[in-house]
Structure formats: C-alpha cells, structure tokens
Amino acid sequence: MSKIVFGLLGGGWRAEFYLRIAREMPEHFQVGAVFVRNPEKAEYIRRKWDVQVYTSVEAFLSSSGCSFVVLCVNRAASTEYLVKLTAAGIPVLAETPPAPSLDALTELWKKTGSSARIQIAEQYMFQPMHAARICLARSGRLGDINQAQVSAAHGYHGVSLIRQLLGIGFENAVIRGQTFRSSIIKGPSRSGPPLSEDTAESVQTIATLDFGRKLGLFDFTGDQYFSWIRQNRILVRGERGEIVNDEVACLETFNTPLYSKLNRVDAGHGGNLEGLYLKGIVDGREWLYRNPFVPARLTEDEIAIAESLVRMGLYVQGGPSFYSLAEGSQDQYLALLIEQAAASGGTVTSETQIWSPHYEAANGI
C-alpha cells in the first residue's frame, strides 16, 4: 500500500484520531496539512503533532500533495465546507453526519449530488467485532437475516449498523420510539475518569424500525460510550441462527445445532512477544476478520478509521465507493425520524428521499 497523504479540515477531538493514526503508521498515512481558524489552537496542533497548520482556508486548499481532505468539523458547519470543497473539485471524506437536518441534507444533495467525490467516514461497520458480525450475517450461515437489535452507538451510527446487519438499502420503515430517563453514577468522559461520586440523568432512546419483513431495534444511552457500568449489546437473528453479542448459535442441519463464539485474537498476552495488537476475530471455524494494520497499536475505533482512509485512498484513484453521501444521508434521515418518534412517543414513517436510487420511480419522474 502506497502512502496516503490527506488534508485535515478541523482540529477538535475527532480530528486527533486521524493525527494519532498517521503518527502510529507513518509508512501508510501522512497528514499533509491541517486547517483551524484559531491561531492559538493552530500553534498547539503544530507543536504537538509536527504538522503544517493553516488558519486560512484558502491557503489550506492551495497546499499541494494531498489526495483528499478529511472534513472534521461540527455538524452546523459541515454542509458549508462540503459544498466549498466539492466546488473546488477536491475529494472529501466527511465525518458524520453530512448535515444536521432533513432540509440541510436535501439542500446538500441538490448542491453536490451524485457527481461529487464525497464519501462518509462511517466507521462503525469497520470496527473489528462489528465487521465480524456483519461478515457472519452475510455469509448465509444464519439464513435470511430478519432482525437486528443494536445498542452500541448513537443516532446515525446505530442506524448504520442496523442497516448493514439487516442488508437494508433505502427501503422505507415504520418507526416507533420512546425515551426513558433514569439516574446513573457519573463515569468517565472525554476529559478523563470521574473525580468524585456524582449522580446524573441518563436518557435512553428506544425505537423499532419496521422494514416489512425485517426489524431493527435501536437502543442507546449516551453513557455507553465511556461508562464502566453500561455495556453494549448486539443481537442478530436469522431463520437458521443468531448472534447474541459474541455468542453464535446456528443449525448445520434441521436437527444439528452448532454453537461457537466470536473470539478476539490478540498478540502480547501470556508472555507472547509479538507486540500488543489485535490480530483478528475467529468464531471457531474461520477467521471472520483479520486486522490489516498489524502491528500498529490502535484502538478498534482507530482501526476502523484507518480502514476508511485506505478505502478513500483507493476511491480517489478510481476505486469503488465504500460509503457514499447517499448512504450517510439515509442514516442521518432515519436517525432524525427516531428522534422525532421518541420525542412524541408516537409513530412516523420514512419516505423516499432525493438521494435514494428509487426516488425518481417513487415520484413518477
């Protein structure tokens, strides 16, 4: 794999994931330029990460040597920059979501459309354990997949996992939702572990997405990202078997059940001297996932982001789309409907949107 040189527009918490990946694997990735508005922050990033930083977007865009730009700003600003970058003919890997509202998603599509070279950095499907589950769900061993329950990520990320596990494209759904509020002892946050015992309100969002013969269940509370006492949960059901977190049950024949487990294979444990990294995920019969970035010491989220960077590098060279603006827009649209249904406690039904490949047929165009 040749080195991928990319620009980074933004300097916040998420942007540091890309900087860490480039620092950990300099033979594969290089941040060619960074843009942030604040001069003090620009100097901080320059010193900490030893990269070229610009406070003028024009100077940033005119800097040479970058194959594409990673757009890593808040959702309120993302649409403006996406339009500006694509108008300049620059390929963009955009952090989620591509726009904050349905109107903004529609307007963005009208301004950029399918011709713009935009991919969405939806990394959850590339996280090793999720990738292994998706691989198994698509293998046929569980039969036709008819249900996915996901309690692992908020909003559009959770929706993306549901769609990937179910094999759903742009089909419409009947969505029912609600919220549940409870108390929880505060845990860690982005700034680190708790310094005292304090109680906070925990808001859980639960929704079902009925696609007809396939059902998705979304269940998430923001505490799960950092909490020591709130675990993620995944259930995938097919006619011949199911996955419950890392446990697999399926039928070899109608009267021969098989049971296995999705096992992480790590180097560096029990006296192993290979290093400290994830090798892959095995379910007892086969490797469902192999880490392409060994021996780099990356978290699973960083592995997934690095996978997006590799795929974007191939995409700008004429390779296939791996998560288009249409896919990212659909995730965000359904996530917005989940919020709407949960807030009202009622039912909403999605409609075919302008980015869907079925839009013209659905509207008689």
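**View 1. Asp50 in a loop of the predicted model, at 70% relative accessibility****.** Asp50 counts as exposed, because its relative accessibility is 70% and the exposed class begins over 50%. Its place is in the loop between helix H2 (39-49) and strand S3 (53-54). Phi of Asp50 is near 55°, a positive value in a residue other than glycine.

**View 2. Asn245, another non-glycine residue with positive phi****.** For Asn245, phi is near 60°. Asn245 is found in the loop between strand S12 (241-244) and strand S13 (247-253). With a relative accessible area of 29%, Asn245 is partly exposed.

**View 3. The cis peptide bond between Thr96 and Pro97****.** Omega of this bond is about -10°. Pro97 sits in the loop between strand S5 (92-94) and helix H5 (102-112). Two residues treated in other views touch Pro97: Ser78 has Pro97 among its contacts, and so does Gln332.

**View 4. The cis peptide bond from Val294 to Pro295****.** Here omega is near 10°. Pro295 is found in the loop between strand S17 (287-290) and helix H8, which spans residues 300-316.

**View 5. Ser78, a buried residue of helix H4****.** Helix H4 covers residues 75-87. The relative accessible area of Ser78 is 4%, and Ser78 is therefore buried, the limit for that class being under 20%. Leaving aside neighbours within four places in sequence, Ser78 is in contact with Leu71, Val73, Pro97, Pro98 and Ala99. Between Ser78 and Glu95 the C-alpha to C-alpha distance is 8.5 Å, at a sequence separation of 17 residues.

**View 6. Contact of helix H7 with helix H9****.** Helix H7 comprises residues 155-166 and helix H9 residues 325-344. The two pack at an angle of about 115°, with their axes 8 Å apart. This angle makes H7 roughly perpendicular to H9, and H7 passes H9 in a right-handed crossing. On the H7 side the contact is made by Gly155, Tyr156, Val159, Ser160 and Arg163. On the H9 side it is made by Glu327, Gln330, Asp331, Gln332, Leu334, Ala335 and Ile338. By type, the residues of the contact of H7 with H9 divide into 5 nonpolar, 4 polar and 3 charged.

**View 7. Gln330 and Gln332, two buried residues of helix H9****.** Gln330 lies in H9 and has a relative accessible area of 2%, so Gln330 is buried. Not counting neighbours within four places in sequence, Gln330 is in contact with Arg163, Gly169, Phe170, Glu171 and Trp355. Gln332 also belongs to H9. The relative accessibility of Gln332 is 2%, and Gln332 counts as buried. Gln332 touches Arg75, Pro97, Ala99, Pro100, Leu105 and Tyr156, with residues up to four places away in sequence not counted. The listed contacts with H7 are thus Arg163 for Gln330 and Tyr156 for Gln332.

**View 8. Contact of helix H1 with helix H8****.** Helix H1 consists of residues 15-24, and its axis comes within 10 Å of that of H8. The axes cross at roughly 80°, which makes H1 roughly perpendicular to H8. H1 contributes Phe17, Tyr18, Arg20 and Ile21 to the contact. H8 contributes Asp301, Glu302, Ile305, Ala306 and Leu309. The residues of the contact of H1 with H8 divide into 6 nonpolar, no polar and 3 charged.

**View 9. The largest nonpolar core, with the surroundings of Ile175****.** This core has 110 residues, and those with the most contacts inside it are Phe29 and Ile175. Helix H8 (residues 300-316) gives the most to the core, with 9 residues. Leaving out residues up to four places away in sequence, Ile175 touches Ala207, Thr208, Leu209, Leu334, Leu337, Ile338, Ala341, Gly346, Thr347 and Val348. Among these, Leu334 and Ile338 also take part in the contact of H9 with H7.

**View 10. Gln231, an exposed loop residue****.** Gln231 lies in the loop between strand S10 (215-221) and strand S11 (233-238). At 54% relative accessibility, Gln231 counts as exposed. Gln231 and Ala87 are 43 Å apart in space, C-alpha to C-alpha, and 144 residues apart in sequence.

Notes:
Residues are numbered from 1 along each chain as its sequence is written. This is a predicted model: local features need pLDDT of at least 70, side-chain atom pairs count only at pLDDT 80 or more; totals for chains, interfaces and linings use all residues. Side-chain values use heavy atoms; hydrogens and water are left out. A nonpolar core is a set of buried Ala, Val, Leu, Ile, Met, Phe, Trp, Tyr and Cys residues joined through side-chain atoms within 4.5 Å. Buried means under 20% relative accessible area, exposed over 50%, partly exposed in between (1.4 Å probe, protein chains only). Helices (H or I, at least four residues) and strands (E, at least two) are DSSP runs, numbered from the N terminus. Contact means heavy atoms within 4.5 Å. Axes are lines fitted to C-alpha atoms, for helices over the stretch in contact, and angles run from 0 to 180 degrees between N-to-C directions. Angles under 35 degrees count as roughly parallel, over 145 as roughly antiparallel, 65 to 115 as roughly perpendicular and the rest as oblique. A crossing is left-handed if the near helix is turned anticlockwise from the far one by less than a right angle, and right-handed if clockwise. Ala, Val, Leu, Ile, Met, Phe, Trp, Tyr, Cys and Pro count as nonpolar, Asp, Glu, Lys and Arg as charged, and the others, Gly among them, as polar.
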